[in-house]
Amino acid sequence: MRFVVYGAGAVGGVIAARLHLGGEDVQVVARGEHLSTIREDGLRLVTADGESVARVPAAGRLADLDVGSDSAVVVAVKSHQTAGVMHDVARSTPPDVTLVSAQNGVANEAVLARGRAHVVGMVVMLPASHLEPGVVVQGSSNVPGLLDVGRYPGGTSERAEAVAAGLRGGGFDSVVRPDIMAWKHRKLMMNLGNAAGAACAPGPERDRLVDLAVEEGEAVLAAAGIPVVSRARDDERRGDLLDTSRMRERGGGSTWQSLRRGTGDVEVDYLNGEVSLLGRLHGVPTPVNDLLRDAAWRLAATRAEPGSLSAADLLEELEL
Ligand SMILES: NC(=O)C1=CN([C@@H]2O[C@H](COP(=O)(O)OP(=O)(O)OC[C@H]3O[C@@H](n4cnc5c(N)ncnc54)[C@H](OP(=O)(O)O)[C@@H]3O)[C@@H](O)[C@H]2O)C=CC1
Ligand SMILES: CC(C)(CO)C(=O)C(=O)O
């Protein structure tokens, strides 16, 4: 299988660089200064053990790359950017191409499946950052990431097996799972902390907000009857495989990085907003996730610094 990573940012960039270094056939789609730097100097991967440069073919759209039926297009843009990727996929990929969602949230696979039949979901446990054009940082120093995959909406497939094999070649831990969306819903619960982690400084009030957001998340999944793997099973899967202790300075999570880069937008509609949506569909109030979503957007829209809202003030707004 050949790989095209669509969105060579934090996650996509680390995946692309490692696949390339593992000997896989990899091309990337990027844009702006990041694209021009990759074209001129290669994609620079920074890890706790040093730096390497992946000289991969890079373009701003799929038509300028070589994409065939044997390609897997690994979609690694933020969830609110997925629809744009699918316009390009419609124009420039064969019907039997494989699409892989290397994204948080649980809405992307359905968007990919509107356009193509062979969709693979991925649980992305890969701490990474991208704050500088041409550079991606791998946050974990032993296993770079746990990237379990599975056929969407369920089951396994030869394509999912081939994707996992390629990822293992790049040094990732990757298991094929027949119930990948149940695992992705567990990961969604973890990402309910992204908005607070981006908007507020660390502290007990922020922790309280995250706990409340997760309580709401668990309640809406139960009300909706959505299968989700248990926290214990997820903890057991992760174990202590990821070690971020040597790369503490990488900054915050993916939503924090959007604020730090001043992109003007955030992915939270597909994280906290997913809980709000399910709450509205199933009659469960979700004031905490509504508030956190809006708080993150407030900072993104004004290009304010991450961490500049007070978690104590947000808790007060909730009038608990
Ligand atoms: N960062 C992390 O540690 C983790 C992230 N995730 C998830 O992985 C997914 C990707 O996040 P992350 O890697 O952080 O995001 P990034 O913003 O770092 O990377 C996405 C990249 O895609 C580019 N892009 C977006 N749309 C297009 C387009 N149409 N054409 C070309 N390039 C495009 C972006 O460019 P531009 O900057 O110009 O928008 C950016 O370079 C998200 O779902 C996130 O939640 C999961 C686990 C960990
Ligand atoms: C788990 C975490 C926080 C890893 O960086 C993540 O998924 C993200 O940054 O979105």
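Student: Let's start with the ligand shell. From which domains does the shell around ligand 1 draw its residues?

Tutor: Check which parts of the chain supply a shell before going through its members. In this predicted model, the shell around ligand 1 takes at least three residues from each of domain 1 (2-178) and domain 2 (184-318).

Student: Which residues come nearest to ligand 1?

Tutor: There are 30 residues around the ligand, and those that come nearest are Gly7, Gly9, Ala10, Gln103 and Asn104. Next, look at the elements: H1, helix H2 (32-41), helix H3 (82-92), S9 and helix H10 (254-261) each give two or more residues to the shell.

Student: How does the shell around ligand 1 divide by class?

Tutor: Its residues comprise 16 polar, eleven nonpolar and three charged ones.

Student: OK, S9 turned up there. How do I read the sheet it belongs to?

Tutor: The general idea is that strands in a sheet pair through backbone hydrogen bonds, parallel or antiparallel. Here you have an open sheet of four strands, ordered S4-S3-S10-S9, and the pairing is mixed. Strand S4 (50-54) and strand S9 (128-132) sit at the edges, each pairing on one side only. On average, neighbouring strands of this sheet are turned by 25° against each other, ignoring direction.

Student: How many bridges join S9 to strand S10?

Tutor: Three bridges do that, and S9 and S10 (residues 135-138) run antiparallel. For a spot to find on screen, take Ser129, which stands opposite Val137 in S10.

Student: Which helix packs on the sheet?

Tutor: That's helix H1 (residues 10-21), touching strand S3 (43-47), S4, S9 and S10. Its direction makes about 105° with that of S9. Recall that H1 and S9 are also among the elements giving two or more residues to the ligand shell.

Student: Back to the domains. How should I read the contact between them?

Tutor: Begin with the spacing, then count both sides. The centres of domain 1 and domain 2, taken over C-alpha atoms, are separated by 23 Å. Domain 1 puts 24 residues into the contact, and domain 2 puts in 24 residues. On the domain 1 side, strand S8 (118-125) and S9 are the elements that give two or more residues. That side divides into eleven nonpolar, eleven polar and two charged residues.

Student: Which residues does the UniProt annotation cover?

Tutor: The record is an unreviewed entry, and its annotation "domain: Ketopantoate reductase N-terminal" covers residues 4-140. In the model, that span is 30% helix and 33% strand, with its end C-alpha atoms 23 Å apart.

Technical notes
Residues are numbered from 1 along each chain as its sequence is written. Chains are lettered from A and ligands numbered from 1 in the order in which they are written. This is a predicted model: local features need pLDDT of at least 70, side-chain atom pairs count only at pLDDT 80 or more; totals for chains, interfaces and linings use all residues. Two strands pair if DSSP finds at least two bridges between them. Axes are lines fitted to C-alpha atoms, for helices over the stretch in contact, and angles run from 0 to 180 degrees between N-to-C directions. Two residues are in contact if their C-beta atoms, placed from the backbone, lie within 7 Å. Domain bounds come from an automatic or database domain assignment. Ala, Val, Leu, Ile, Met, Phe, Trp, Tyr, Cys and Pro count as nonpolar, Asp, Glu, Lys and Arg as charged, and the others, Gly among them, as polar. A residue is near a molecule or strand if its C-beta atom, placed from the backbone, lies within 6 Å of it. UniProt positions are given in the numbering used here, feature names are shortened, and annotations may be inferred rather than shown by experiment.
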